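Trainee: I would like to go through this model residue by residue. Where should we begin?
Mentor: With the structure in view, ask about single residues and we will work outward.

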Amino acid sequence: MDEATTDGPEGRRVIYKGRKVDLALQSIRLSDGKTADREVIIHPGAVGLVAMVDADRVCLVRNFRYPPARSILEIPAGTLDPGETPESTAARELIEETGYRAGRIEPVSTWWVSPALMTERMHIFLCTELSPGPTEHQPDERIEPIVVTWDEAMAMVADGRIDDAKTMLALLICDARRKAARA
């Protein structure tokens, strides 16, 4: 563990600096006037990409995730690098994970991932007008791009084959937009 440092809001002490996240203790004042420490995971934010290969097919990725020790079917996603905007991260991650380059990248939604514990904001983008190319996976990534129909992706959300929260939420939001555009 690193020596504690002050970083961020008053009363927040970083006690561990990691490669992707830092761990801090945040002093808070309780309603009875006492103070308590809360653990905070400091995360730079991330993007998730709904990559439409065409009007009826979406590119997902089968991604080996180490915490659950299994592959998860999800939308392409990645962490913001220092100084990087969510938009530039979206373009970079789409190429890295799928090989596709997007003619259009549009913001869809942004949310707190787990506000009781983390500072991470998830930025969702709709990527269209895709052109194929080579992937640029990171050395520690085990990712396989998979193209499915939109209806199949929605069926996978409904039956639990897709069980990643960001993917479920991003696809459901985009599905509602698709339905509204047809109405």
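Trainee: Is R19 buried or exposed?
Mentor: Keep in mind that this is a predicted model. Exposed means over 50% relative accessible area. The relative accessible area of R19 is 71%, so R19 is exposed.

Trainee: Which residue does R19 meet in a salt bridge?
Mentor: R19 sits in the loop between β2 (12–17) and β3, and its partner sits in the loop between β10 (121–131) and β11 (143–149), so the pair ties together parts 121 residues apart in sequence. The partner is partly exposed, with a relative accessible area of 42%. The N to O distance is 3.6 Å, and the residue is D140.

Trainee: How far apart are the closest N and O atoms of E74 and K166?
Mentor: E74 and K166 are both buried. The two form a salt bridge, with the closest N and O atoms separated by 3.1 Å.

Trainee: Which parts of the chain does that pair of E74 and K166 link?
Mentor: The salt bridge joins E74 to K166. These residues are 92 apart, and the parts they link are strand β7 (residues 70–74) and helix α3.

Trainee: Which residues of α3 are buried, and why are they on the same side?
Mentor: An α-helix has 3.6 residues a turn, so residues three or four places apart point the same way. In α3 the buried residues are K166, T167, A170, L171, C174, D175 and R178. They lie on the same side of α3 because they cover an arc of only 155° around the axis.

Trainee: Which exposed residues does the face of α3 turned away from the buried side carry?
Mentor: That face is turned away from the side holding, among others, A170 and C174, which are buried. Its exposed residues are A165, K179 and A180.

Trainee: Is Q26 buried or exposed?
Mentor: Q26 lies in strand β3 (residues 22–29). Buried means under 20% relative accessible area. Q26 has 11%, so Q26 is buried.

Trainee: Which side chain does the side chain of Q26 join in a polar contact?
Mentor: Beyond four places in sequence, Q26 is in contact with several residues, including P9, E10, A36 and V40. The polar contact is 2.8 Å long, and the side chain is that of R12.

Trainee: In β4, which residue is the bridge partner of L23?
Mentor: β3 and strand β4 (residues 35–42) pair in the antiparallel sense, over 8 bridges. Their hairpin has 5 residues between the strands, and G33 takes a positive phi near 90° there. The bridge partner of L23 is I41.

How values were computed. Residues are numbered from 1 along each chain as its sequence is written. This is a predicted model: local features need pLDDT of at least 70, side-chain atom pairs count only at pLDDT 80 or more; totals for chains, interfaces and linings use all residues. Side-chain values use heavy atoms; hydrogens and water are left out. Helices (H or I, at least four residues) and strands (E, at least two) are DSSP runs, numbered from the N terminus. Buried means under 20% relative accessible area, exposed over 50%, partly exposed in between (1.4 Å probe, protein chains only). A polar contact is a pair of N or O atoms within 3.5 Å; within protein, one must be able to donate a hydrogen and the other to accept it, and residues adjacent in sequence count only if both atoms are side-chain atoms. Contact means heavy atoms within 4.5 Å. Two strands pair if DSSP finds at least two bridges between them. The arc is that of the directions from the helix axis to the C-beta atoms. A salt bridge is a side-chain nitrogen of Lys or Arg within 4 Å of a carboxyl oxygen of Asp or Glu.
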